[in-house]
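Hi,

Here is the structure I said I would pass on. Have a look at it first, and my notes follow underneath.

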Amino acid sequence: MACHCTGCQRMTGGAFSLSSFYPADRFTVTDGRTVRGGLKAGPDHQFCPECMSWMFTTAKEIEGFVNVRSSMFDDAKKHRPYVEMFLAEAMPGATSGAVRSYEGFPKENEFPGLIADYAEWDGRMMA
């Protein structure tokens with residue numbers, strides 16, 4: 001996903017952040033520890049204490065999921081965004097190429113359909 005909110009803009013120093021959702025019960029930090037950083041209010045943004053890279057986020061709006069920063073993957077170029085959100089806060093001209101777009105955050109009842117549609121999407125992993 002691509003998030004165009006002003007918080008992500010500030011934390012990345014760019015027009016939007018890129019992330020992938022994973023079920024929380026299938027995610028674990030296997031080595032080292034993380035520290036809370038970024039914007040202290042709202043979502044729990046976790047950073048590497050050594051390089052201060054933003055690694056992942058948990059939040060009540062996405063309970064049960066972990067939002068892992070796409071730049072953390074060795075194959076980051078292949079993680080094309082399917083959904084973009086907070087277009088109401090987007091910087092002029094900023095586009096992500098996402099298939100589905102939302103002015104704010106998708107409604108909770110839309111997540112099952114988005115997940116199912118994403119599972120069928122053939123553009124998920126681009127070369």
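Ala2 stands opposite Glu84 in β7. That pair belongs to the parallel pairing of strand β1 (residues 2-3) with strand β7 (residues 83-85), which runs over two bridges. Before you read on, keep in mind that this is a predicted model.

Zooming out, β1 and β7 sit next to each other in an open sheet of eight strands. If you want to trace the sheet, the order is β3-β4-β5-β6-β2-β1-β7-β8, and the pairing is mixed. Which strands stand at the edges? They are β3 and β8 (100-101), and each has a single partner strand, so one side of each is left without a neighbour in the sheet. As a general reminder, strands of a sheet pair through backbone hydrogen bonds, either parallel or antiparallel.

Now to the β3 end. Strand β3 (residues 35-36) pairs with strand β4 (residues 44-47) in the antiparallel sense, over two bridges. Here Val35 stands opposite Phe47 of β4. Phe47 also has a bridge partner in β5, namely Trp54. The pairing of β4 with strand β5 (residues 54-58) is antiparallel too, over four bridges. These two strands, β4 and β5, form a hairpin with six residues between them. Look in the turn for Met52, which has a positive phi of about 65°.

Trp54 turns up again when you look at Ser17. Where is Ser17 found? It lies in strand β2, which covers residues 17-23. Leaving aside neighbours within four places in sequence, Ser17 is in contact with Trp54 and also with Met1, Ala2, Cys3, Cys8, Thr12 and Arg69. So is Ser17 buried or exposed? Its relative accessible area is 2%, and the cut-off for buried is under 20%, so Ser17 counts as buried.

One last spot is Pro106, in the loop between β8 and α2 (111-120). Its relative accessibility is 4%, so Pro106 counts as buried as well. What does Pro106 touch, leaving aside its neighbours within four places in sequence? The contacts are Met85, Phe111 and Leu114. To get a feel for distances, try Pro106 and Met55: they are 51 residues apart in sequence and 22 Å apart in space, C-alpha to C-alpha.

That's what I have for now. Happy browsing!

Methods: Residues are numbered from 1 along each chain as its sequence is written. This is a predicted model: local features need pLDDT of at least 70, side-chain atom pairs count only at pLDDT 80 or more; totals for chains, interfaces and linings use all residues. Side-chain values use heavy atoms; hydrogens and water are left out. Buried means under 20% relative accessible area, exposed over 50%, partly exposed in between (1.4 Å probe, protein chains only). Contact means heavy atoms within 4.5 Å. Two strands pair if DSSP finds at least two bridges between them.
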